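Thanks for coming. I will go through one structure, starting with the paired charges, then the cysteines, then a pocket.

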Amino acid sequence: MINITKLWTGIAQPADHIRYGLGHGDRSPHSSTAACTPTSSRARKPVVVWNISRTCNLRCVHCYADSHAERYAGELTWEQCCAVIDDLADYGITALLLSGGEPLLHPHLPQILERAISKGLKVTISTNGTKITPALAARFKELGVAYVGISLDGIGEVHDKFRGVPGAFEGAIRGFRLCEEVGQKTGLRLTLTRNNVQSMEEILDFIERERIQRVCFYHLVPTGRGVDVASLKPEEARRAIDMLIARAEAWHAAGETRELLTVTQPADGVYLLLRQLREGHPLAKETLKLLTWNGGGANSSGRGFANIDTQGNIHPDQFWQGVTLGNVKTQKFSDVWEAVSEPSADKLRELRGSDDPAERQKKLSGPCATCKHFALCGGGFRTRAAFQNGHWYGSDLGCYLTEEERNTDLSALL
């Protein structure tokens, strides 16, 4: 996750301690322990994305879970959910993100939230927003939900087309406003594709007009129904990031501290740094330091991020469903993640690789194998690279850096 606001403007952001090893934690008010800064990004406990239900009331064209409105057999019982929550709390994960399908359709969602938050977990929710009611928004606030992320893919009919249901846009915005009314921290999540990148200015105008304070732009990961959605061309990705940087700068000049982030493409940080270097930006040296601490994709899937799917299977992240490391119905997540529970040990060791970026880079093929910025980017989003190459050590073809940029010398910043 690249925080454009932080890197371009230098303004402190709520999760700086997680991404860049500085600042203070943004914990649940019910947490029994104070947040602390990890010694390095590789020392962080993972953020766990838990798909608590596959059922969904929408039919999004880019859904990695290929969710439908039906009920699915084999999902975790309440007793199994309790065991997962207790283990994650005891293990001290960085954060728990409840997703789906549509998590608000889970029959035990309030109980899951109450148990997890009471045990000190920082809990966030990823939802399409259409099922948020005034009572539910108030309950989120009362329990101490850290953040509610509502998915948006365009304005009006553009969003409805992505979500497969007329009225989805109005439902999402209604859900956002209900959270805002009770003081529940909320924001938007958007997936960048060739179908909506042309609407970027309109989307950003809407964010500004609605005074939305946190926005995450995801680069498409082609899995599930998303394999049929067109990813950005390199020039489109560059224009999109330039547009986000310009907005971050404009909002900063207007005194706004809005969080503007991109997700699933660590190359965004390198692209931003190279722009700073070319333009003589005063924060270039600091950006290099923060990106180096973060490590990009090398410390993401299978290390800094994990997934528990609706059947209890444990994956390197929510997109990488083809790699299963264990199952919480028969194993503790903590044992699997610490590689003490077979068959996860060998898979995790291979995925995580060496702690030395240079040694890790030697295993890669394609442009990532020779890029001078590997220590900052970690080879892009490893899940996308695996999908596109058929093996773990290929290059992330979603990287849009030119050959000249990949070979740019950063020694002047050292």
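**Salt bridges, cysteines and a pocket**

Let me start with a single residue: E210 is partly exposed, with a relative accessible area of 21%. Before going further, please keep in mind that this is a predicted model.

What does E210 pair with? The side chain of E210 meets that of R177 in a salt bridge, at 2.7 Å from N to O. The two come from distant parts of the chain, 33 residues apart: R177 sits in helix α7, residues 168-181, while E210 sits in the loop between α8 (200-209) and β7 (214-219). R177 is partly exposed as well, with a relative accessible area of 39%.

For those new to this, side chains of opposite charge can pair when their charged atoms come close. By the rule used here, the count comes to 21 salt bridges. I will show two others and then a network.

The next pair is E236 and R194, whose side chains meet in a salt bridge at 3.3 Å, N to O. This pair also links distant parts of the chain, 42 residues apart, with E236 in helix α9 and R194 in the loop between β6 (186-192) and α8. Are these two residues buried or exposed? E236 counts as buried, at 7% relative accessibility, whereas R194 counts as partly exposed, at 35%.

Then there is E259 with R214, a salt bridge in which the closest N and O atoms are 3.3 Å apart. Here the link runs from strand to strand: E259 is in strand β8, residues 259-263, and R214 is in strand β7, with their positions 45 residues apart in the chain. E259 is buried, with a relative accessible area of 5%. R214 is buried too, at 12%.

Now the network. Which residues belong to it? They are E201, D205, E208 and R247, linked by salt bridges.

On to the cysteines. How many disulfides does the model have? The count comes to zero. Two cysteines show why. For C82, the closest cysteine sulfur is the one in C81, and it is 7.0 Å away, so the two are too far apart for a bond, given that a disulfide needs sulfur atoms within 2.5 Å. For C377, the closest cysteine sulfur is in C399, at 6.1 Å, which is again too far for a bond. As for their surroundings, C82 is buried, with a relative accessible area of 10%, and C377 is buried with a value of 10%.

Next, empty space. Rolling a probe the size of a water molecule over the atoms shows where empty space is left. I will take the second largest pocket, which has a volume of about 210 Å³. It is lined by 16 residues, and the closest to its centre are S231, L232, R384, L397 and G398. Which elements give two or more residues to this lining? They are α9 (234-253) and α16 (382-389). By type, the lining divides into nine nonpolar residues, five polar and two charged.

One last residue, H391. Where does it lie? H391 is in the loop between α16 and α17 (403-406). At 35% relative accessibility, H391 counts as partly exposed. Leaving aside residues up to four places away in sequence, H391 touches S365, A385 and A386.

That is where I stop.

Definitions and conventions
Residues are numbered from 1 along each chain as its sequence is written. This is a predicted model: local features need pLDDT of at least 70, side-chain atom pairs count only at pLDDT 80 or more; totals for chains, interfaces and linings use all residues. Side-chain values use heavy atoms; hydrogens and water are left out. On a 1 Å grid over the protein atoms alone, a cavity is a set of points where a 1.4 Å probe fits but cannot get out, and a pocket is an open set with protein on both sides within 12 Å along at least five of seven lines; lining residues have an atom within 4 Å of a point. Grid points are joined across faces, edges and corners, and a volume is the space filled by probe spheres set on the points. Helices (H or I, at least four residues) and strands (E, at least two) are DSSP runs, numbered from the N terminus. Ala, Val, Leu, Ile, Met, Phe, Trp, Tyr, Cys and Pro count as nonpolar, Asp, Glu, Lys and Arg as charged, and the others, Gly among them, as polar. A salt bridge is a side-chain nitrogen of Lys or Arg within 4 Å of a carboxyl oxygen of Asp or Glu. Buried means under 20% relative accessible area, exposed over 50%, partly exposed in between (1.4 Å probe, protein chains only). Contact means heavy atoms within 4.5 Å.
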